[in-house]
Amino acid sequence: MARMDTIKRHDTGAAVEDVQQRLATIGLLSADEVSGTFDDATAAAVTMFRRKAGLPVSEEVDDKMWSALVDA
C-alpha cells in the first residue's frame, strides 16, 4: 500500500475536507468548520483526536491517524 502524504496546517483541498468531515462526524469539529483548509480549528481537532486515539500528539494527519479516523 502506498503511503499517504501527511496532511498538515495550511494544506487545502479534498483530502483536508475529507479529514474535516470525519472529525465533524465524531463531534470534534462543527459543520461550519469544514472548509477544505487546514486551519487552527482543524489543527486543534486533529490534536484532540490523536490524544484520544493514543497516538503521538501532533497537528498532522499521517497514515496511523488516518486509519484510526476511518475506523472511528
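**Exercise 1. The surroundings of Arg-50**

Determine which residues Arg-50 is in contact with, leaving aside its neighbours within four places in sequence.

*Solution.* Contact is taken as heavy atoms within 4.5 Å. With neighbours within four places in sequence left aside, Arg-50 is in contact with Leu-55, Pro-56, Val-57, Ser-58, Glu-60, Asp-62 and Met-65. The model is predicted: local features need pLDDT of at least 70, side-chain atom pairs count only at pLDDT 80 or more, and totals for chains, interfaces and linings use all residues. Residues are numbered from 1 along each chain as its sequence is written, and side-chain values use heavy atoms, with hydrogens and water left out.

Next, place the residue. Arg-50 lies in helix H2, where helices (H or I, at least four residues) and strands (E, at least two) are DSSP runs numbered from the N terminus. Its relative accessible area is 3%, so Arg-50 is buried; the classes are buried under 20% relative accessible area, exposed over 50% and partly exposed in between, with a 1.4 Å probe and protein chains only.

Finally, take a distance. Arg-50 and Gly-36 stand 14 residues apart in sequence, and their C-alpha atoms are 20 Å apart in space.

**Exercise 2. The length and burial of H2**

Establish how the span of H2 agrees with 1.5 Å a residue, and which residues of H2 are buried.

*Solution.* The expected span of a helix is 1.5 Å times one less than its number of residues. For the 13 residues of H2 this gives 18 Å, and the end C-alpha atoms are 18 Å apart, so the two agree.

The buried residues of H2 are Thr-42, Ala-43, Ala-45, Val-46, Thr-47, Phe-49 and Arg-50. An α-helix has 3.6 residues a turn, so residues three or four places apart point the same way. The cover over the buried residues of H2 includes H1 and H3. Beyond the helix, H2 is followed by Gly-54, whose phi is positive, near 75°.

**Exercise 3. Thr-42, Thr-47 and Asp-40**

For Thr-42, Thr-47 and Asp-40, decide whether each is buried or exposed.

*Solution.* Begin with Thr-42, which lies in helix H2. Thr-42 counts as buried because its relative accessibility is 1%. Apart from neighbours within four places in sequence, Thr-42 is in contact with Gln-20, Leu-29 and Thr-37. Thr-42 and Gln-20 are 22 residues apart along the chain, with their C-alpha atoms separated by 6.8 Å.

Thr-47 also lies in helix H2, and a relative accessible area of 16% makes it buried. Not counting residues up to four places away in sequence, Thr-47 touches Val-57, Ser-58 and Glu-59.

Asp-40 has its place in helix H2 as well, but at 56% relative accessibility Asp-40 counts as exposed. The C-alpha atoms of Asp-40 and Glu-59, 19 residues apart along the chain, are separated by 9.5 Å.

**Exercise 4. The packing of H2 against H3**

Find the angle at which the axes of H2 and H3 cross, and which residues meet.

*Solution.* Axes are lines fitted to C-alpha atoms, for helices over the stretch in contact, and angles run from 0 to 180 degrees between N-to-C directions. The axes of H2 (residues 40-52) and H3 (residues 63-71) cross at roughly 80° and come within 11 Å. H2 is therefore roughly perpendicular to H3, a class that covers 65 to 115 degrees, against under 35 for roughly parallel, over 145 for roughly antiparallel and oblique for the rest.

Val-46, Phe-49 and Arg-50 in H2 meet Met-65, Ala-68 and Leu-69 in H3. By class, the residues of this contact are five nonpolar, no polar and one charged. Here Ala, Val, Leu, Ile, Met, Phe, Trp, Tyr, Cys and Pro count as nonpolar, Asp, Glu, Lys and Arg as charged, and the others, Gly among them, as polar.

**Exercise 5. The nonpolar core**

Identify which residues touch the most other members of the largest nonpolar core, and which helix gives its largest share.

*Solution.* A nonpolar core is a set of buried Ala, Val, Leu, Ile, Met, Phe, Trp, Tyr and Cys residues joined through side-chain atoms within 4.5 Å. The largest one has 15 residues, of which Leu-23, Phe-38, Val-61 and Met-65 touch the most other members. Helix H1 (14-25), H2 and H3 each supply at least two residues of this core, and the largest share, four residues, comes from H2.

For Val-61, residues up to four places away in sequence are not counted; it touches Met-4, Asp-5, Thr-6, Ile-7, Val-19, Phe-38, Val-46 and Trp-66.
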